[in-house]
Amino acid sequence: MKLQQNTMIALYSALEFAADPERQISAAEIAAKYRVSPHHLAKVLRRLGRSGLLHAARGVGGGYRFAGNPKRITLMDVIELFEEVGARPAGRGARREEERALEQILAEIDETAKATFRSITLDTMIKLLARRRS
Amino acid sequence: MIHLKKIRAAKPADLPQVIEIDALITGLRKPAYWAGILRRYGGRRPRHFFLVAETEEAVQGYIVGEVRDWEFGSPPCGWVFGIGVRPHARLGAVATRMLEEICERFRRAGVDKVRTLLARDNALVLAFFRSQGMMAAPFIALERDL
Ligand SMILES: CC(C)(COP(=O)(O)OP(=O)(O)OC[C@H]1O[C@@H](n2cnc3c(N)ncnc32)[C@H](O)[C@@H]1OP(=O)(O)O)[C@@H](O)C(=O)NCCC(=O)NCCS
């Protein structure tokens, strides 16, 4: 299972903000921590902002603050802002049984992936991180 | 946080409340099913657990599980196969405390792993077990039409 780079950056950012919802964090800070281009990150944060997950902070330094409930926002909520898990090229009309059979197996895998992403909240990820660190 | 008086083994007198909580969750009353669960899991059996969480006023939740041996080659482990909390008592850590209690009883029964199996679309209960640190087990559930 692989997620696109933008999605991964969005997940790291969401976790960074959710871990300390009061804190205002600048794009530059997150960009440096995860070694991604500030320009790229700014785009991702704007998307998270438009979706209501982040508040753009006013005043000096700019940046954002977390705006959601970490116990209710799941990994899937963040992921689906950036990509569709298991999206496949549209079918070409009538197809062979072989193609459909394989498609069915791939769909099984996708359903498991989606259920996993839907069952893990940002808060659960933060707890998982704390356990890994201790 | 809800102030619980006790988490203890279920007794016959608890059944009407357990049946009611289950019916609030699933929309189905299953007295015969719960009488069977009480018979097989109630009381002080060392490896079968049917526990209820009670406040001064009422039973607020139940949890059912057992220690299972060597299924498909897997060493004995604790299984949780039913959990429910009264809707108005939710988010007060009742389920967290019941899971802790049954895990403690599993440990005392000599196992060091707890498992459960859930419908993929049961996002609420999946989120609960995930929040308790449970991760995907190295098993795949399979089925087919008969
Ligand atoms: C799942 C259930 C048992 C949780 O009971 P509860 O007593 O409310 O759970 P807790 O208060 O101990 O919650 C512990 C954690 O679970 C997670 N959780 C609980 N409810 C949640 C919800 N609605 N959304 C997301 N996460 C939730 C949270 O991470 C919570 O952590 P927090 O207390 O730090 O917020 C309860 O909601 C329930 O009975 N649901 C229906 C059960 C059911 O469908 N049973 C049939 C299949 S077995």
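**Gln132(B)**

I started with Gln132(B), whose side chain makes a polar contact of 3.0 Å with that of Ser131(B). The model is predicted, and I read every entry below with that in mind. I placed Gln132(B) in the segment that follows helix H4 (123-131) of chain B. I then asked whether Gln132(B) is buried or exposed. The relative accessible area came out at 28%, so I noted Gln132(B) as partly exposed.

Next I looked up what Gln132(B) touches once neighbours within four places in sequence are set aside. The contacts are Thr96(B) and Leu99(B). For Leu99(B) I also took the C-alpha separation from Gln132(B), which is 8.7 Å across 33 residues of chain.

**Chain B against chain A**

Ser131(B) turned up again when I went to the interface. I counted eight residues of chain B in contact with twelve residues of chain A. About 870 Å² is buried between the two chains, and 58% of that lies on carbon and sulfur atoms. Which three residues supply the most of chain B's share? They are Arg120(B), Arg130(B) and Ser131(B), which give 58% of the area that chain B buries against chain A.

I searched for salt bridges across this interface and found zero. For polar contacts between chain B and chain A, my count was one residue pair, both at pLDDT 80 or more. I sorted the chain B side by class and wrote down four nonpolar, two polar and two charged residues.

**Salt bridges**

I widened the search to the whole structure and got 17 salt bridges over all chains. I recorded some of these individually.

In chain A, I noted the pair Asp123(A) and Lys127(A), with N to O at 3.7 Å. Why are these two residues about one helical turn apart? Both belong to helix H6 (residues 122-133) of chain A and are four residues apart there, which means a separation of about one turn. Lys127(A) has 34% relative accessibility, so I entered it as partly exposed.

In chain B, I looked at Arg107(B) and Glu104(B), which form a salt bridge with closest N and O atoms 2.8 Å apart. Both sit in helix H3 (residues 94-108) of chain B, three residues apart, or about one turn of the helix. Glu104(B) is partly exposed at 31% relative accessibility.

I also logged the salt bridge of Arg8(B) with Asp14(B), again with closest N and O atoms 2.8 Å apart. Arg8(B) has a relative accessible area of 11% and is therefore buried. Asp14(B), at 5%, is buried too. Following shared partners, I traced a network of salt bridges made up of Lys5(B), Arg8(B), Asp14(B) and Glu54(B).

**Aromatic pairs**

My last search was for ring pairs, and the count over all chains was seven. One of them is Tyr12(A) with Tyr34(A), a stacked pair with centres 4.7 Å apart and planes at 5°. What parts of chain A does this pair tie together? Tyr12(A) is in helix H1 (residues 5-18) and Tyr34(A) in helix H2 (residues 27-34), so the pair connects parts 22 residues apart in sequence. I checked accessibility for both rings' residues: Tyr12(A) is partly exposed at 35%, and Tyr34(A) is partly exposed at 28%.

In chain B, I found a cluster linked by ring pairs, consisting of Tyr33(B), Trp34(B), Phe50(B) and Tyr62(B).

Technical notes:
Residues are numbered from 1 along each chain as its sequence is written. Chains are lettered from A and ligands numbered from 1 in the order in which they are written. This is a predicted model: local features need pLDDT of at least 70, side-chain atom pairs count only at pLDDT 80 or more; totals for chains, interfaces and linings use all residues. Side-chain values use heavy atoms; hydrogens and water are left out. Contact means heavy atoms within 4.5 Å. Buried area is the accessible area (1.4 Å probe) that two parts lose on being put together, summed over both. A salt bridge is a side-chain nitrogen of Lys or Arg within 4 Å of a carboxyl oxygen of Asp or Glu. A polar contact is a pair of N or O atoms within 3.5 Å; within protein, one must be able to donate a hydrogen and the other to accept it, and residues adjacent in sequence count only if both atoms are side-chain atoms. Ala, Val, Leu, Ile, Met, Phe, Trp, Tyr, Cys and Pro count as nonpolar, Asp, Glu, Lys and Arg as charged, and the others, Gly among them, as polar. Buried means under 20% relative accessible area, exposed over 50%, partly exposed in between (1.4 Å probe, protein chains only). Rings of Phe, Tyr and Trp (its six-membered ring) pair if their centres lie within 6.5 Å; planes under 30 degrees apart count as stacked, over 60 as edge-to-face and the rest as tilted.
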